[in-house]
Amino acid sequence: MPIRAAHLDELTALRDIERAAGIGFRDIGMAEIADDEPLTLGELGRYQRAAMAWVSVDGPGAGAGAGAGAGAGVPVAYLIADRVDGNLHVEQVSVHPDRARRGIGRSLLEHLAGLAAREGVPALTLTTFTEVPWNAPYYARCGFRLLDDGGAHSRPAGDPRPRVGTRPGPVAPRLHAARPVTAPPSRP
């Protein structure tokens, strides 16, 4: 599925994708995560305006050159990122459950890695829940390795450690991970 920059008029759809993707957390006893509201339209708009929000699209006109509006395809997944400590930090990657397990999330991560390589960014970083059986193994298959930060931890208010990401939400134990970025081959 094609990946392109998110359009301003799609931000509500991104919230819907995240809500749908979050339902699976309820099945593993993490209702507080399932019930957590997605980022606001204003917060998502900040990522979109900063060119740090991408969507994977399906449907008519989903080609790479499609513009906003009619014929641009329908978002089925998205990724937002921030620049943190010289790296690109994955703040959120969500795939609608109707399109899950098709490599769409991995494609979004690869898209971000390509951007990082072109910009000379050394790594992609993220945090992932420790109690979700599919998260850490998935990210490991995508090339992420756990960082040696003393193990899993929550981020209680007043925690003096540098913030790894910028996304607010419920406090739950998370692991920090990074994926080195390989620069693209130089062309003669």
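The following legends describe an overview and several close-up views of a predicted model.

**Figure 1. Overall composition of the predicted protein model.** The secondary structure of the protein consists of five helices and seven strands. In sequence order, these elements follow the pattern β-α-α-α-β-β-β-α-β-α-β-β. The protein has 188 residues, of which 44% are buried. Of the contacts between residues at least 6 apart in sequence, 70% link residues at least 24 apart.

**Figure 2. Packing of helix α1 against helix α3.** Helix α1 spans residues 11-26 and helix α3 spans residues 41-49. Their axes lie 10 Å apart and form an angle of about 110 degrees. Because angles of 65 to 115 degrees count as roughly perpendicular, α1 and α3 are described as roughly perpendicular to each other. The crossing of the two helices, α1 and α3, is right-handed. On the α1 side, the contact involves Leu-11, Thr-12, Leu-14 and Arg-15. On the α3 side, Leu-41, Leu-44, Gly-45 and Gln-48 take part. Sorted by class, the contact of α1 with α3 comprises four nonpolar, three polar and one charged residues.

**Figure 3. Surroundings of Arg-15 in helix α1.** Arg-15 is one of the α1 residues that meet α3. The relative accessible area of Arg-15 is 15%, and the residue is therefore classed as buried, the limit for this class being under 20%. When neighbours within four places in sequence are set aside, Arg-15 is in contact with Glu-37, Pro-38, Leu-39, Thr-40, Leu-41 and Leu-44. Among these partners, Leu-41 and Leu-44 also belong to the α3 side of the helix contact.

**Figure 4. Surroundings of Arg-179 in strand β7.** Strand β7 covers residues 174-180 and includes Arg-179. With a relative accessibility of 12%, Arg-179 counts as buried. The side chains of Arg-179 and Glu-110 are joined by a polar contact of 3.0 Å. In addition, the side chain of Arg-179 reaches the backbone oxygen of Cys-142 at 3.3 Å. Both Glu-110 and Cys-142 appear among the residues touched by Arg-179, when residues up to four places away in sequence are not counted. That list further includes Leu-109, Ala-113, Pro-122, Ala-123, Leu-124, Gly-143 and Phe-144. Arg-179 and Thr-125 are 54 residues apart along the chain, and their C-alpha atoms are separated by 6.4 Å.

**Figure 5. The loop containing Ala-51, between α3 and β2.** Strand β2, which bounds this loop, covers residues 53-58. Ala-51 has a phi near 60 degrees, a positive value in a residue other than glycine.

**Figure 6. The loop containing Asp-85, between β3 and β4.** Strand β3 covers residues 74-84 and strand β4 covers residues 87-95, with Asp-85 located in the loop between them. The phi of Asp-85 is near 50 degrees, which is likewise a positive value in a residue other than glycine. Asp-85 has a relative accessibility of 66% and therefore counts as exposed, the limit for this class being over 50%.

Technical notes: Residues numbered from 1 in each chain as written. Predicted model: local features only at pLDDT ≥ 70, side-chain atom pairs only at ≥ 80, totals over all residues. Heavy atoms only, no water. Axes fitted to C-alpha atoms, helices over the stretch in contact; angles between N-to-C directions. Helix = DSSP H or I, 4+ residues; strand = E, 2+ residues; numbered from the N terminus. Parallel < 35°, antiparallel > 145°, perpendicular 65-115°, else oblique. Left-handed = near helix turned anticlockwise from the far one by under 90°. Contact = heavy atoms within 4.5 Å. Nonpolar A, V, L, I, M, F, W, Y, C, P; charged D, E, K, R; others polar. Buried < 20%, exposed > 50% of the residue type's maximum accessible area, 1.4 Å probe, protein only. Polar contact = N/O pair within 3.5 Å; in protein donor to acceptor, adjacent residues only side chain to side chain.
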